Structures are given as C-alpha cells and as structure tokens.
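Work through these exercises with the model in view. Try each task before you read its solution.

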Amino acid sequence: MAAFSSSGLLLLLLVSFTVTAFADNFYDKCDTIWGEGRAQIHDSGNMLTLYLDKTSGSGFQSKDEYLFGKIEMQLKLVPGNSAGTVTAYYLSSKGETWDEIDFEFLGNVSGQPYILHTNVFCQGKGNREQQFYLWFDPTADFHTYSILWNPQRIIFYVDGIPIREFKNLEYLGIPFPRNQKMRLYSTLWNADDWATMGGRVKTDWSQAPFKASYKNFKARACVSSSTGSTYCGPDKNAWFWEELNFGKKGQMKWVRDNYMVYDYCKDTNRFPQGLPTECAFANLL
Ligand SMILES: *[C@@H]1O[C@H](CO)[C@@H](O)[C@H](O)[C@H]1NC(C)=O
C-alpha cells in the first residue's frame, strides 16, 4: 500500500515536471503587441499577464505562424466583477479571406458564469458561433484550453475534454482552413457594448485594472523557418492524426448536453433559408 501510494506520487511529480519542462518560454515564442506595458512577460518567461484599464486593453501574439498544430495554454481569467470584459484566445491568418479559430471568454458580474464563446472562420466567413458555460470557476485557478487543428478536423478542448469539433467536410463543398498559416493571438479588451447579457451590463471601471494570466504555453505545430522549410516537431504523429475516440465523444456529448448555451446549428430564426450544411453532419458522433 505504501509502495503503491509513493509510486503514485512519483508519477504525479513526473507528470507535472513534464508539463513544465516542455512549456514554451513566452520570451522566445511570443511578442506583446498591444497595450504599452499592459501586456507583461515575467517569471523568466514562464508567465504572461494581460491588463485592461479604461485607457486600453492589451494583447500578445506568437512569433511563429502555424500550418496545423495543437496549441495549448493555461489561462486564469479576470476574477470578481468581470462584466463587459472579453479575453480572446485564437488562431488567425491575415488578409480579407482569413481563417480563424476562436475561443472568447465573456466576463460576468461576480458569482455569475462566464460564457465561453467559440467560432470558426473560413475564408473570411464565420457565423458558426457555439457558446458554453464551464463546469468550474475559470477565475479561481488555471485551466488548459487547447485548439487542435489538423487536416481532418478542428477540436476545441477544455482541460482535455473536447467541447466542439469542426470536421473537414470539403467533399460537401464546405470550406475548411488548410492553406493559410495562422498565428496565435490573445487580447483582453472592453466589449461592454455586447459581451455580458447582450450588452446590458457595463464594465465597472472602479474594478480596473482587470487582469488575465497565462502559463504553460505549448505549441506542437508545423512551423516554417526563414529558409522556407517546414518543421513539425518530433511528436507530429500525436496530433496530426488526432481524432476523438469513443470515450472522448462521450465527454463531448456530456458537455454539449449540460453546458451549451448557444448553437448556431439550432438557430432556425437566424437561418430562415435553412441551417448551414455542416449542421446536418455536426451531431453525427
Ligand atoms: C451572466 O450571468 C447571467 C445570469 O446568470 C447569464 O444569463 C449570462 O449568460 C451570463 N454570462 C454572460 C456572458 O452574459
């Protein structure tokens, strides 16, 4: 019994050591891009903090551009009265026909739930919103939010639990992002014209500055170097072919049955001519 629990502890230690050991350093991998000092890298590059005050929000981006990858980060969101604030964490390409894969965290008054808003843009066209409550308080501690993007599918994960899958259905004529490189961006900004209860609750600036924290950034992805060659890392096979097994699909169903707030695929008022084609396939687990 004693031997069992100490090897269990050792395993735990090894796992947490591995997570930290392979986290990317924010100094090496990210640039602060907005907010004049309100985006701060500290703790030797292991932590990044974004601040929002009445004058400005702030943001950062990855130095690398990715063409497929699995991007993971731990976030701790604005605590207390965060109504009106939005923390966006997303991949995006550039130009007028850009691709984008979004997580956006919509704040709320103290004690009321955040909404996790997701969207997928292909060639400049989004309108694929799905929103969720979380099954924990995202301001109390760090939680892991991941985007898997490979040629077959996009999967949004929260603490390893899939909440949304967007499949490559190009054979049905539905565009899928697979030609444009994307960068990771994250910003903390004021969106009190729409974010909380449809814009009815405004940001309480007496609570400023608002703060969101980031750690354990891990980008396993295909990255082009300055010489033009592409490197996908030693563990490419782990994510390039990743799909949801039966157990993961069950977890996703649990989230969608219990925590989903909005699904564009159910919004028949919004699409009077008929729901988007992918919706007929979205729920085929
Ligand atoms: C904020 O809390 C209210 C009341 O519980 C809820 O209806 C709403 O969905 C929550 N989230 C946002 C972002 O408005």
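A charge sits over a ring if NZ of Lys or CZ of Arg is within 6 Å of the ring centre and within 35 degrees of the ring normal. This is a predicted model: local features need pLDDT of at least 70, side-chain atom pairs need pLDDT 80 or more, and totals for chains, interfaces and linings use all residues. Residues are numbered from 1 along each chain as its sequence is written, and side-chain values use heavy atoms, leaving out hydrogens and water.

**Exercise 1. Charges over rings**

Find the ring under the charged end of K70, and the ring whose face K236 lies over.

Solution. Start at K70. Its charged end sits over the ring of Y157, 4.4 Å from the centre. Now go to K236. The ring here belongs to F240, and the distance to its centre is 4.2 Å.

**Exercise 2. Aromatic pairs**

Classify the ring pair of F68 and W149, then place both residues in the chain.

Solution. Step one is the rule. Rings of Phe, Tyr and Trp (its six-membered ring) pair if their centres lie within 6.5 Å; planes under 30 degrees apart are stacked, over 60 edge-to-face, and the rest tilted. The count by this rule is 21 aromatic pairs. Step two is the geometry. F68 and W149 lie 4.9 Å apart, centre to centre, with 55° between the planes, so the pair is tilted under the rule. Step three is position. Helices (H or I, at least four residues) and strands (E, at least two) are DSSP runs, numbered from the N terminus. F68 is in strand β5 (residues 66-76) and W149 is in strand β10 (residues 143-150), 81 residues apart. Step four is exposure. Buried means under 20% relative accessible area, exposed over 50%, and partly exposed in between (1.4 Å probe, protein chains only). F68 is buried because its value is 9%. W149 is buried too, at 1%.

Which residues join F68 and W149 in a cluster linked by ring pairs? They are W239, F240 and W241.

**Exercise 3. A second pair**

Classify the pair of F105 and Y145, and say which strands the pair ties together.

Solution. Take the geometry. The centres are 4.8 Å apart and the planes make 75°, an edge-to-face pair. Then take the strands. F105 lies in strand β7 (residues 100-106) and Y145 in strand β10, so the pair ties together parts that are 40 residues apart in sequence. Both F105 and Y145 are buried.

**Exercise 4. Salt bridges**

Describe the salt bridges of R183 with E65, E278 with R128, and E170 with R178.

Solution. Side chains of opposite charge can pair when their charged atoms come close. A salt bridge is a side-chain nitrogen of Lys or Arg within 4 Å of a carboxyl oxygen of Asp or Glu. The whole structure holds 15 of these salt bridges.

- R183 and E65 meet at 3.9 Å, N to O. R183 is in strand β13 (residues 183-190), E65 in the loop between β4 (58-62) and β5, 118 residues apart. R183 is buried at 13%, while E65 is partly exposed at 27%.
- E278 and R128 meet at 2.8 Å, N to O. E278 is in the loop between β16 (260-263) and α5 (279-282), R128 in the loop between β8 (115-121) and β9 (130-132), 150 residues apart. E278 is buried at 6%, and R128 is buried at 5%.
- E170 and R178 meet at 2.7 Å, N to O. E170 is partly exposed at 30%, and R178 is partly exposed at 37%.

Which residues are linked in a network of salt bridges? The network links E72, K218, R220 and D235.
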